[in-house]
Amino acid sequence: MAATLAIGHEEFDSRGERRDARRKALWLALALAAAIVYPFLDKALGIDRLASWIPIFVFIILAMGLNIVVGYAGLLDLGYVAFFVIGAYANAFLTSPNSGLVQNGLVPEFLQSFWPAMAVAWLVSAIFGVLLGAPTLRLRGDYLAIVTLGFGEIVPNFFTNAERVTGGPSGISTIARPPTIPLPGDNEIAFATTDQRSWYWLILAVAVLTVFLVTRLYDSRLGRSWQAIREDEIAAASMGINLVKTKLLAFALGASFSGFAGSLYAGYITVVYPDQFQFSVSVILLAMVILGGLGNVYGVILGGLLIQSFDRILAEELNGPLHWLGDRTGIAFLQEHDVTQDRLLIFGLALVLIMLLRPGGLLPNARRRAELTETVPDPLAAPAPDQPVDTRGSDMATAGERA
Amino acid sequence: MDFNWTLFTQYLIIGVATGSLIALIALGYTLVYGIIELINFAHGEVFMMGAFFAATVVAVSGVTGESSGAAVLAVVFVALVLSMCFSAGVNFTIDRVAYRRLRNAPRLAPLIAAIGVSFILQNIGIYWKGSNPFTPPSLIPAEYRAYNILTEWFGLETRIRFRLLDAFVIGVTVPILIGLVWFVYRTRVGTAMRATAQDREAAALMGIDVNRTIGIAFLLGGALAGAAGLIALYYNNSARFQMGFRYGLFAFTAAVLGGIGNLAGAVVGGLCIGLVWSFSDGFMKQYISGWGAQWTNSVIFGVLVLVMIFRPSGLFGATTTEKV
């Protein structure tokens with residue numbers, strides 16, 4: 001009864017839904033336009049925060065990839081940083097004159113520049129997604145989380161220690177930047193350190209492409225399979241979904257986006273070293289995905305912007321007003337406190353509070369919300385007084401057994 | 001190259017001492033997992049809190065290495081008891097505030113909350129003692145710091161060192177372990193814990209207050225972590241807000257190795273991981289060039305991954321089928 005009503009309601013409301021979709025598209029277009037023109041404002045208004053926004057976009061690309069694994073397929077990956085490392089080092093190995101592979105002439109000439117290396121990094125990350133995902137397939141939720149965490153520790157540790165290949169703790173430097181693109185007239189698009197606008201737009205473009213791809217994946221046949229196994233693995237398997245293939249594709253596609261992110265990031269800062277990739281990176285990404293809303297692309301963007309802008313911009317900016325307030329009120333704590341010291345607290349609080357208060361995240365995915373609010377019925381809970389306990393059924397069952 | 005027995009024995013001693021320490025932490029994971037099947041990710045940070053609190057207690061007491069022997073022993077004992085109480089309180093509070101409300105939520109929700117709690121506690125550690133490693137207030141009298149029991153007590157002519165510190169670790173751990181076994185197997189509350197671990201519903205039907213029992217498991221686990229905190233503080237002579245992460249994961253590996261939920265298994269697993277740790281840190285580099293302490297993380301996490309994939313019930317655990 002309720003179901004038919006709901007369907008009727010949906011049909012009745014389809015015009016409203018279309019209006020919602022149009023409004024959503026409008027907001028997105030506005031946000032995108034703002035993001036595109038931002039570098040001009042940054043310069044004109046003297047904000048000087050372009051260098052903070054670039055890593056924020058890189059982290060949003062990463063969060064999109066993690067969203068596939070954790071949000072869509074429900075596989076809690078605590079070692080996602082491993083793929084970020086692999087993507088970044090893949091680019092470094094191919095394009096840096098300091099890498100052992102290049103020095104020994106193992107890298108063909110055409111691969112030694114940014115774009116081909118990025119494609120290879122994408123592929124290599126996806127392959128490692130499969131390689132590290134395959135052993136975890138039989139494991140259930142919490143064990144899978146810990147095994148992926150183990151991989152997330154082993155991979156950077158390997159890059160720290162295998163000095164002959166990876167340059168050890170100091171990593172690999174002079175990674176190639178994208179070649180300058182000549183434009184008609186005297187103009188060109190150069191990826192330089194001094195003017196970072198080209199970098200900003202490039203990474204924004206990749207981020208937008210990522211968001212588009214991940215959104216499309218959600219509604220695809222594959223995306224629906226992921227959601228099915230997230231909700232009930234056994235039911236999904238009996239509906240003919242190939243669990244192994246579907247899960248491996250989640251790991252591979254999730255990891256492939258970190259190949260983009262890693263190689264872009266490596267090219268942008270031109271040096272990779274293992275200490276950039278600690279466990280906290282995996283947790284920050286997880287906090288971004290969970291704060292915004294597991295499985296909802298727009299939620300993840302929102303969560304990512306909140307967490308990252310706090311981490312890279314707001315924490316520094318808040319120090320000024322806080323110290324000013326401290327000076328005014330004479331509270332020593334406010335005068336001396338450094339907000340950038342609070343980052344772990346903020347990430348931790350985001351995770352705990354979201355789990356306790358709003359498990360679907362700030363912008364919950366509708367289906368996900370239904371899953372999370374559905375609790376295991378407590379067999380010990382006393383039946384509500386207005387619901388008479390139906391003992392007849394069980395009596396009949398026992399009677400049937402006796403007979 | 002000949003097998004170096006002196007070094008082997010030396011690393012064996014260090015491994016057993018480290019292993020006892022890990023066993024104490026591993027028991028906390030196992031106690032909690034055995035009952036509510038939650039990986040208490042914040043347990044390593046509870047251990048760190050214990051170490052920090054012990055450092056504060058010693059500093060407040062004003063007793064230093066120059067004080068009389070009786071005063072030092074008294075402060076060690078008081079700091080041990082207080083840091084056990086403190087960590088027990090922290091662990092209990094975490095459960096009460098963060099995990100209890102998620103008891104019936106999907107399985108991953110409390111794990112994610114636990115990760116969050118662990119980050120919050122790390123940040124508290126930063127507020128408390130700063131983000132750099134610190135040395136604990138001096139407590140061990142100078143002449144005992146390198147005191148070698150083998151030469152001083154037994155008059156052996158040997159280069160192997162069995163320091164008073166190693167003896168201290170084992171001497172504190174063993175009575176605590178015996179106390180725990182007595183508690184779990186010989187008291188009513190312990191029986192209630194085992195019953196709850198076996199079947200929560202049935203235990204509740206038998207009149208056991210399940211929430212109280214779970215709380216006691218958190219108290220016990222926290223107390224063990226607090227003891228480990230004090231021991232680690234003086235065994236390593238250094239502490240840092242991040243110390244809980246490595247110790248915690250190594251101890252979790254130990255718990256998994258011994259079969260999570262299995263008390264004896266956690267102790268044996270702890271000793272195994274302690275030995276692996278000490279041999280990977282020191283002994284291996286005699287034989288494999290380029291090997292050193294820096295590979296230990298990979299080795300132990302490798303053990304973790306392999307055990308979880310191939311023997312998820314641990315080395316001694318019976319194979320269990322997954323509950324659907």
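Trainee: Why are helix H7 (residues 164-186) and helix H10 (residues 210-236) of chain B called roughly antiparallel?

Mentor: The two helices pack at an angle of about 175°, with their axes 10 Å apart. Angles run from 0 to 180 degrees between N-to-C directions, the axes being lines fitted to C-alpha atoms over the stretch in contact. Over 145 degrees counts as roughly antiparallel, so H7(B) and H10(B) earn that name. Helices here are DSSP runs of H or I, at least four residues, numbered from the N terminus.

Before we go on: this is a predicted model, where local features need pLDDT of at least 70 and side-chain atom pairs pLDDT 80 or more, while totals for chains, interfaces and linings use all residues. Residues count from 1 along each chain as written, chains are lettered from A and ligands numbered from 1 in written order, and side-chain values use heavy atoms without hydrogens or water.

Trainee: Which residues make the contact between H7(B) and H10(B)?

Mentor: Contact means heavy atoms within 4.5 Å. Among those that qualify are Phe168(B), Val172(B) and Ile176(B) of H7(B), and Leu220(B), Leu224(B) and Ile231(B) of H10(B). The contact residues divide into 15 nonpolar, one polar and one charged. Nonpolar means Ala, Val, Leu, Ile, Met, Phe, Trp, Tyr, Cys and Pro, charged means Asp, Glu, Lys and Arg, and the others, Gly among them, are polar.

Trainee: What makes a space in this structure a cavity?

Mentor: On a 1 Å grid over the protein atoms alone, a cavity is a set of points where a 1.4 Å probe fits but cannot get out, and lining residues have an atom within 4 Å of a point. Points join across faces, edges and corners, and the volume is the space filled by probe spheres set on them. Two cavities of 30 Å³ or more turn up. The largest holds about 70 Å³, and the second largest about 50 Å³.

Trainee: Which helix gives the largest share of each lining?

Mentor: For the largest cavity, H11(B) supplies five residues; the lining includes Gly244(B), Phe245(B) and Phe252(B). For the second largest, H7(A) leads with three, and that lining includes Thr148(A), Phe151(A) and Gly152(A).

Trainee: How do you know how much area the chains bury?

Mentor: Buried area is the accessible area (1.4 Å probe) that two parts lose on being put together, summed over both. By that rule chains A and B bury about 4300 Å², with carbon and sulfur atoms giving 74%. In chain B, Ile112(B), Phe119(B) and Ile309(B) lose the most, together 15% of what that side buries.

Conventions: On a 1 Å grid over the protein atoms alone, a cavity is a set of points where a 1.4 Å probe fits but cannot get out, and a pocket is an open set with protein on both sides within 12 Å along at least five of seven lines; lining residues have an atom within 4 Å of a point. Angles under 35 degrees count as roughly parallel, over 145 as roughly antiparallel, 65 to 115 as roughly perpendicular and the rest as oblique.
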